[in-house]
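Visitor: I would like to learn how to read the features of a model like this one, step by step. Could you take me through it?

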Amino acid sequence: MTYSYTQISQYLTCPRRYKHRYLDGWREKDTRAAMLFGRAFEQALAAYFLREDSTAVLFREWAACQNQSLQYSKGDTWDRMLQQGIQLLERFCQDDRIQIHQPRRNLQIKFTRAVSKKNDFVAYVDAIGHLDGTRSLLEWKTTSSRYPEEPDGLLALDPQLVCYSWMTGIAEVAQVVFVRKRLVEVQYLHTTITDEQRQEFGHLVEDTIRRIESAEFLPHSGIRFPQNPCSSCPYLGLCLGRQDLVEAALIRRPGAEDLGWLDELTY
Ligand code: SF4
């Protein structure tokens with residue numbers, strides 16, 4: 001079986017959610033505008049490093065989503081998101097803080113690693129390059145609000161960065177955060193992941209896989225005010241037995257359990 005960060009993260013969020021998704025084949029409908037925009041924007045970033053016309057690529061990729069019945073977050077429209085994307089590309093180009101040599105080799109890089117005799121782990125790292133001259137593993141994020149930078153060192157606890165550091169052995173990691181707001185902003189967040197964190201993450205992966213293989217799928221519903229993860233969970237309809245909510249949010253892809261690692265390419 002091939003595992004990925006997304007699978008481990010889904011299980012740790014709620015084991016029942018993992019079961020709905022990876023064992024029973026229920027998937028969220030791909031209608032979230034912010035997610036599709038993020039994918040289009042990453043294509044445009046790749047074009048930028050390949051010295052192609054990144055604005056044209058953004059328009060082409062985002063236009064391909066235009067006629068889908070997208071779900072926009074508050075205040076977003078297709079045009080507004082396109083304008084923000086173009087402004088973010090301009091800002092990123094002006095900043096000129098990221099260099100990627102041999103971009104065909106160093107963008108969307110696949111890493112695999114054995115975690116036991118029958119299981120392996122796969123990760124697709126957005127890029128390996130230099131941030132302000134320091135060689136770093138790089139992750140792109142598009143968001144509508146700034147990532148928190150306080151308290152100092154917070155980024156070192158980001159589980160995805162720890163995971164990718166564990167996969168690659170690279171200690172210097174960075175998130176480049178493209179913030180779509182009225183005045184767009186690019187955040188360059190850098191941190192160092194320690195050996196101890198990488199070892200702990202390896203244990204977390206082994207432990208999580210052991211629980212999955214033992215078929216432990218109890219719900220972690222967390223029904224407490226004010227943070228109730230169920231209320232924003234796409235699988236809520238299944239847990240409540242509400243067919244209307246299921247049909248609104250999900251489609252079924254039975255037999256997809258061995259392809260869960262493909263999530264890495266789409267998130
Ligand atoms: S609705 Fe709640 S209990 Fe059900 S899968 Fe989602 S997070 Fe888990």
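Visitor: What is the sign of phi at G25, the residue that follows α2?

Guide: In this predicted model, phi at G25, after the end of α2, is positive, near 80 degrees.

Visitor: Which residues of α2 are buried, and against which elements do they pack?

Guide: The buried residues of α2 are R17, Y18, K19, H20, R21 and Y22, and their packing partners are α1, β2 (26-28) and α9.

Visitor: How should I read the packing of α1 and α2, and at what angle do they pack?

Guide: The general idea is to take the angle between the axes together with their separation. Helix α1 (residues 5-13) packs on α2 at about 135 degrees, the axes being 5 Å apart. An angle that is neither roughly parallel, roughly antiparallel nor roughly perpendicular counts as oblique, so α1 is oblique to α2. On the α1 side the contact involves Q7, Q10, Y11 and T13, which meet P15, R17, Y18, R21 and Y22 of α2, and by class these residues divide into 4 nonpolar, 3 polar and 2 charged.

Visitor: How many residues surround the ligand, and which element gives the largest share of them?

Guide: The ligand is surrounded by 12 residues, of which C14, P219, C230, C233 and C239 are the closest. Two elements, α2 (15-23) and α9 (236-240), each give two or more residues to this shell, and the largest share, 3 residues, comes from α2. Sorted by class, the shell holds 8 nonpolar, 2 polar and 2 charged residues.

Visitor: Turning to the nonpolar cores, which members of the largest one touch the most other members?

Guide: The largest nonpolar core has 47 residues, and A44, A123, C163 and Y164 are those that touch the most other members. Helix α3 (residues 33-49) gives the most to this core, namely 9 residues. Apart from this core lies another, of 5 residues, among them W26, C233, Y235 and L250. As for Y164, once its neighbours within four places in sequence are left aside, its contacts are A123, V125, L137 and V173.

Visitor: How do α7 and α8 pack, and how far apart are their axes?

Guide: The same two quantities serve again: helix α7 (residues 159-168) and helix α8 (residues 195-213) pack at about 95 degrees, with axes 9 Å apart. An angle of 65 to 115 degrees counts as roughly perpendicular, and α7 and α8 are therefore roughly perpendicular to each other. V162, C163, S165 and W166 of α7 make this contact with Q197, R198, F201 and G202 of α8, a set with 4 nonpolar, 3 polar and 1 charged residues.

Visitor: Where is I193, and is I193 buried or exposed?

Guide: I193 sits in the loop between β8 (185-192) and α8. A residue counts as buried when 20 or more other C-beta atoms lie within 10 Å of its own, and I193 is buried because 24 do so. Beyond its neighbours within four places in sequence, I193 is in contact with A156, L161, V162, S165, A171, V173 and R198.

Visitor: Why does N119 count as partly exposed?

Guide: N119, in the loop between β4 (107-114) and β5 (120-131), counts as partly exposed because it has 15 C-beta neighbours inside 10 Å, a number between the limits of 12 and 20. With neighbours within four places in sequence left aside, N119 is in contact with M1, Y3 and I209.

Notes: Residues are numbered from 1 along each chain as its sequence is written. This is a predicted model: local features need pLDDT of at least 70, side-chain atom pairs count only at pLDDT 80 or more; totals for chains, interfaces and linings use all residues. A residue is near a molecule or strand if its C-beta atom, placed from the backbone, lies within 6 Å of it. Helices (H or I, at least four residues) and strands (E, at least two) are DSSP runs, numbered from the N terminus. Ala, Val, Leu, Ile, Met, Phe, Trp, Tyr, Cys and Pro count as nonpolar, Asp, Glu, Lys and Arg as charged, and the others, Gly among them, as polar. A nonpolar core is a set of buried Ala, Val, Leu, Ile, Met, Phe, Trp, Tyr and Cys residues joined through C-beta atoms within 7 Å. Two residues are in contact if their C-beta atoms, placed from the backbone, lie within 7 Å. Axes are lines fitted to C-alpha atoms, for helices over the stretch in contact, and angles run from 0 to 180 degrees between N-to-C directions. Angles under 35 degrees count as roughly parallel, over 145 as roughly antiparallel, 65 to 115 as roughly perpendicular and the rest as oblique.
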